[in-house]
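Thanks for coming. I will walk through one structure, starting with strand pairing and ending with the nonpolar cores.

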Amino acid sequence: MAKRKSLDLIVLLMISVFVITASALVYYSLPMVSSTTITATVVAFKQGADWDDSWTMGTNNTYCSLALKAYPNATLTYEEPLNLTNTGTGVDIRLRTVSISPASGNEQVSNFTFINFTLYDETGIFKGSLNYTTTGNTWSTPAMSPTLMDANDEWYIVIQTKAEAGAKAGIVANIVIGVDVQE
Amino acid sequence: MNRVKISLDHKRIRCLIWLVLTLFVLLGYSLQSVAGTAYYSMLMQAYGTVSSPPIILENGTAGSSTIYTNSTYAKASIAAPAPTPTYFPNDYNNVTGAHLSGSVPGSVQTIDTDYFVVRSSGTATSTTAYNPSGHNLLGSTTLVSGTTTDLASNNSVYMTFGSYASETSSQPLYAHNESTSIAGTGYYLLKLGGADSAGTEFSADAGSTTGRKSIGKFVYQLTGVSSIPASTLTVYYRAYKGHQNIAAHGDVDILVRMSNGTIRSTIATNVANSSAIENSYSTVSGTYSWASYTVVDQTDYLEIDYYIEVTAVKAGYLVYLRIDDSNLATADQTRVGNIILPSQYTCEVEFTGSSNTETWNQLVWTVDSSWTVDSVIVTIQVYNYTLGAYPTSGNGYDSYISSMANADQARNQIITSSPIHFRDVSGNWKIKAKGVKTTATQFDFKADWVEFKPTHYTEYTVSTEFLFASMTMNTPTQLNFTVVTQYNVSSVNVTIQVWNYSSSTFVTSGEGYANYTSSGSNETTNLSINTDPQFYSSGGNAKIKVTGVLKTTSTYQQETNQIKLVYKYDASSTYDYVLAVTEQEGANWAINLLVYANSSIARLSNTTISFRDGTTSDQIIINGGTIIQSEGPSYNLTSSSTIYIKMSNLNATSSGTSCIYAYLKILVPGTTTYLLYRIEFEIT
């Protein structure tokens, strides 16, 4: 009788352990409390000294649209069309190609010699660039490594354009560049 | 029971502690990962549009300029005053003659002992034909007829030479039924060839008397035979007797008979007795030991008199000898075997003559001749005095096989390589003709025309073009050529000519032309071209030709000591309107010039590049070969206006080409946005 009880106890114990173990393997839950607050970005665009009134600066200065010119066989330089400001702590930023049209392979590409975007800090030190040059109907594929933008810095972007000698007036190149900010 | 509870509480507490620690670690790691990958991206959209240039560059009225596509790039060339440059040729071209020594410009810069030397070449010739004035008979060749005067023209009047036996061999002489007459007496012929007829039968009486019965006399003329060497002759008799009781054999007498019929020499009598003649035709023979005989006169005849000697008679019967029967094998024919006679004849003669002793550039020899037989192997050779022998190949040698008998053949050869090797210092020459043929028949060589025709130069010319290059391309106002030259002989007719690029010819009169007869050393000629001097240089190039011509039979040298060109041109120090800058967008701009590169500006003692439009704005300033102002001040270019780029204060210390590479910087007023146009300023 005593053996029987002992066996029952052991079986009950094993079932209990199994139930407990099985329950633990299916899931467990950790409590996490999150709250989302709408805040202003610390890095934003800012109109430069050469900002053209016809250009567009989006709400909160996180988007802008620039209408540039390119003259055949002459280099046009926009010294300070657009700035970047950092109102927060230091962050890594980079310029990144999002899209370009007409795409490589389109014969209109050959009308351009280059469209360069160069990033300088407020002391004029080069921080990075995206240079779009052409070889025939093909665009180059530039890239830029992240670079640290200190708190309260204001950098500026220099844009240079040049069209090929004999380029056809009215041909447009639309380049969308993302300014990636890593907090 | 209480102890158990307490014990369980302790375990739970430890588990809870581990659980809390684990949760902290996981939570901490989770938070860290979320913080590292958080970023956001702002978009910048740029539209680049190809636009027409708002300002264009245009040609000015001073200097020369090039405006490239879209009028946003220009090149302007102007000349700056500089000391008059002096040039020397840096290349040459031997129009006539061959360069011997010296170089350009090294040898023609200064008047010294270093000359540019060119040897003249022949440019006019004289040809004289010569014919033999003598001859030499070689070997045992004989003169048959004619003289060397017969060799002066191709007129079928011959100088004839007889060949001689140059080889002998054992040969048979066959008895033929053809005959010849010697001094009115008929004789049958002995020939080298076998029977050529149906045969002839001779007979003699064998019925009444015994003794030698003459059957026939045969002759062979000794033309071309100088001797008959010793040998054992075998005399064959094709004979038979009419009856078996007859006893007979053949024998011969051998003698040499002169052409007048008299006997020159009796060689042997009743020799070459044969075996007994049979009573049917058979060929029997006998031998005779022939001693060497020297022919006295080649018109003589070798005579073989055939006999049948009867030693037993039979009344009413004859003995017979058969000759010239082609139905018989040659071995059975009546003949004389193993007589040594010529088997090859040769004719060899050397013609001699004289000529001039000029420096020949060509020699043509001709021999027109024929042979009295065909297929003679002929060799014609012209004696090479340098070689000291008749050549056996190449120049001065010819070999051929003659064609038909008595058909003239003209053989000639043109010698242009060292033709003077074929005469001696006195002008003597000689040509040898030799003909050889394997034959038993003597033949003749008939020379109709032999000519030895040398050509020599009577005029020599040396003409050299001296080429100037890389000179200034400024339009010349005066060109002054100086030529200092001499010749190693006197009285050379010298012509100096400057090339006219307008007419593409060397001038033949007036400026740029000179002609004189040389008479001394380092003669100086100055050619000053003042009328249309721009015709005499092109693209920085010019050329002058110096030509010497002399009637002479030997070469000479042109020795040039100096070739110089002083190149004068006008160059203003101020060019007000080099380029125009025109606004065409209807806006106001601020412009200026800035240098981004340069080349060879050290020679520029002064240069100022300015904007001018009523007022002047100096943009680029060079002084003492150095740019002392590389960027000019801002200058207002108003809407739809044109201003000019001016170059002034120009001065160079030497000739050459300098370049200033600049940008025309066009600034949008009130901004820092600007355009850069390239402008090249070339200052020659």
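Before the first example, a definition: two strands count as paired if DSSP finds at least two bridges between them. One caveat as well: this is a predicted model.

I start in chain B, with strand β33, residues 493–500. β33(B) pairs with strand β37, residues 542–551 of chain B, in the antiparallel sense over 6 bridges. Within that pairing, Thr495(B) stands opposite Thr547(B). β33(B) also pairs with strand β35, residues 513–517 of chain B, again antiparallel, over 5 bridges. There, Ile496(B) faces Ala514(B) as its opposite residue. In a regular strand the side chains alternate between the two faces of the sheet.

Then there is strand β34, residues 505–506 of chain B, which is antiparallel to β33(B) over 2 bridges. Its Phe506(B) is the bridge partner of Trp499(B). The two strands, β33(B) and β34(B), make a hairpin with 4 residues between them. In that turn, Ser504(B) has a positive phi of about 55°.

Next, chain A. Chain A has 1 helix and 11 strands, and the helix comes at the N-terminal end of the order, ahead of the strands. Of its 183 residues, 30% count as buried. If you take contacts in chain A between residues at least 6 apart in sequence, 73% join residues at least 24 apart.

Which strands make up the open sheet with mixed pairing? There are 6, in the order β2(A)-β3(A)-β1(B)-β11(A)-β5(A)-β9(A), and β1 in that list belongs to chain B. The edges are β2, 56–57, and β9, 147–149, both of chain A, and each pairs on one side only. At the β2(A) edge, the neighbour is strand β3, residues 63–70 of chain A, joined in the antiparallel sense over 2 bridges. Met57(A) has Cys64(A) as its bridge partner there.

Last, the cores. The largest nonpolar core has 114 residues, and Leu579(B) and Val581(B) have the most contacts inside it. Where does this core lie? Domain 1 of chain B, 55–82 + 571–683, and domain 2, 86–124 + 458–569, both give residues to the core, so it lies between them. Leaving out residues up to four places away in sequence, Val581(B) touches several residues, including Ile55(B), Leu57(B), Ile591(B), Leu637(B) and Leu664(B). Apart from this core lies another, of 77 residues, among them Val225(B), Val235(B), Leu341(B) and Val378(B).

That is what I have for today.

Key:
Residues are numbered from 1 along each chain as its sequence is written. Chains are lettered from A and ligands numbered from 1 in the order in which they are written. This is a predicted model: local features need pLDDT of at least 70, side-chain atom pairs count only at pLDDT 80 or more; totals for chains, interfaces and linings use all residues. A nonpolar core is a set of buried Ala, Val, Leu, Ile, Met, Phe, Trp, Tyr and Cys residues joined through C-beta atoms within 7 Å. A residue is buried if 20 or more other C-beta atoms lie within 10 Å of its own, exposed if 12 or fewer, and partly exposed in between; C-beta atoms are placed from the backbone. Domain bounds come from an automatic or database domain assignment. Two residues are in contact if their C-beta atoms, placed from the backbone, lie within 7 Å.
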